[in-house]
Amino acid sequence: MLDRTVPDRTSPRGLEHFIAGRTLLSGDGLAWSDLFVEVYSRHQKQEPFLVPAVAEPLVVWVMSGEAIIEERDLDGEWQAAHVTVGDFFLTRTDRPYEMRWRALGSDPFQVMHLYMSVPLFERVASDLLGRDTPPRLRDVSGGQDPRLAHFLALIHHELTAQGKGSRLYVEGLAQSLAVHLIRNYASNGGDDDRQTALPGYKLRRAIAHLEEHLAEPFNLAELAEKAGMSPFHFSRLFKKATGLSPSRYFIRQRMARAQQLLQETDLSIIRVGIAVGYTSPSHFSQVFRRETGLLPSHYRKT
């Protein structure tokens, strides 16, 4: 059961109260004023839990082990990423979401969390882009970026140094990391892209692709690729634009096509079902009745 008492928002330090595991290292002191960095050993298997929103940009870097990590909005679909050492997640969510994972193999599943201070992020964005409002960052789940990994490895090295690292060096690394994130992961959809719906042309492209492939299995990754987004980000914005998750919209479009074929053609009900992707007549009838309130045969008669 999910803990519904989890707050909508929290701080980087507060977030760890909601994620099970053991803290191995923590950056503290004057050297770490621009970054909050901790290394954790996570459970091998984590049941679904709610993750509160955090204002600071967050990078999660896999340092040991291999896992299947799944994320979803509170009323969305699970999106899975198979991650191993060196893979990373990037997020700056403004709402809670749900998460679970399952580690693979016997190696301990260890990750480093890095939170960048909002003042640093805004300062670097202003210097790079010449504007007061910083860009939104794209969601990345299970990505690979050798340059980003290099920055994170240097930061981890300072974390383990005697005296907890050099302030000047850590500040320089933090600024370089901010530049890298803004140059490579700023959203192209506008300053408030995460909070708005899909741009019209991307929504039309996605819907057209769905309608052209109604007879094929639903493929979220392919659909998101057509829109140039990660599946997790695409699902969020598609639902905001249409009121339905991509898979629910796909089923609705299948049933709309089936209704059209039942009304306008003499195709058998079995052939209509096949035309919209259902090889099992009973399954097609079950879905059609759930969506329209009628069996296909009754719908055709009326």
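This passage goes over the overall build of a predicted model and then its internal cavities.

Starting with the chain as a whole, 302 residues make up the protein, and 47% of them count as buried. The secondary structure runs to eleven helices and twelve strands. Laid along its principal axes, the C-alpha trace spans about 80 × 45 × 35 Å. Contacts reach well along the sequence: among those between residues at least 6 apart, 74% join residues at least 24 apart. As for the outside, the accessible surface of the chain comes to about 15000 Å², with 49% of that belonging to carbon and sulfur atoms.

Now for the inside. Two cavities of 30 Å³ or more turn up. The largest cavity has a volume of about 250 Å³. Its lining is made of 22 residues, and the ones closest to the centre are Val60, Phe89, Tyr97, Met99 and His113. Strands supply much of the story here: β6 (58-64), β7 (66-72), β9 (88-91), β10 (97-104), β11 (109-116) and β12 (140-143) are the elements that each give two or more residues to this lining. Sorted by class, the lining of the largest cavity holds 16 nonpolar residues, plus three polar and three charged ones.

The second largest cavity takes in about 60 Å³ of space. Around it sit Leu15, Val51, Pro52, Val54, Glu56, Leu58, Thr91, Arg92, Thr93 and Tyr97. The class split for this lining is six nonpolar, two polar and two charged residues. Tyr97 shows up in both places: it lines the second largest cavity and is also one of the residues closest to the centre of the largest cavity.

Notes
Residues are numbered from 1 along each chain as its sequence is written. This is a predicted model: local features need pLDDT of at least 70, side-chain atom pairs count only at pLDDT 80 or more; totals for chains, interfaces and linings use all residues. Side-chain values use heavy atoms; hydrogens and water are left out. On a 1 Å grid over the protein atoms alone, a cavity is a set of points where a 1.4 Å probe fits but cannot get out, and a pocket is an open set with protein on both sides within 12 Å along at least five of seven lines; lining residues have an atom within 4 Å of a point. Grid points are joined across faces, edges and corners, and a volume is the space filled by probe spheres set on the points. Helices (H or I, at least four residues) and strands (E, at least two) are DSSP runs, numbered from the N terminus. Ala, Val, Leu, Ile, Met, Phe, Trp, Tyr, Cys and Pro count as nonpolar, Asp, Glu, Lys and Arg as charged, and the others, Gly among them, as polar. Buried means under 20% relative accessible area, exposed over 50%, partly exposed in between (1.4 Å probe, protein chains only). Contact means heavy atoms within 4.5 Å. Accessible areas come from the Shrake-Rupley method with a 1.4 Å probe; for residues, only the protein chains shown count as cover.
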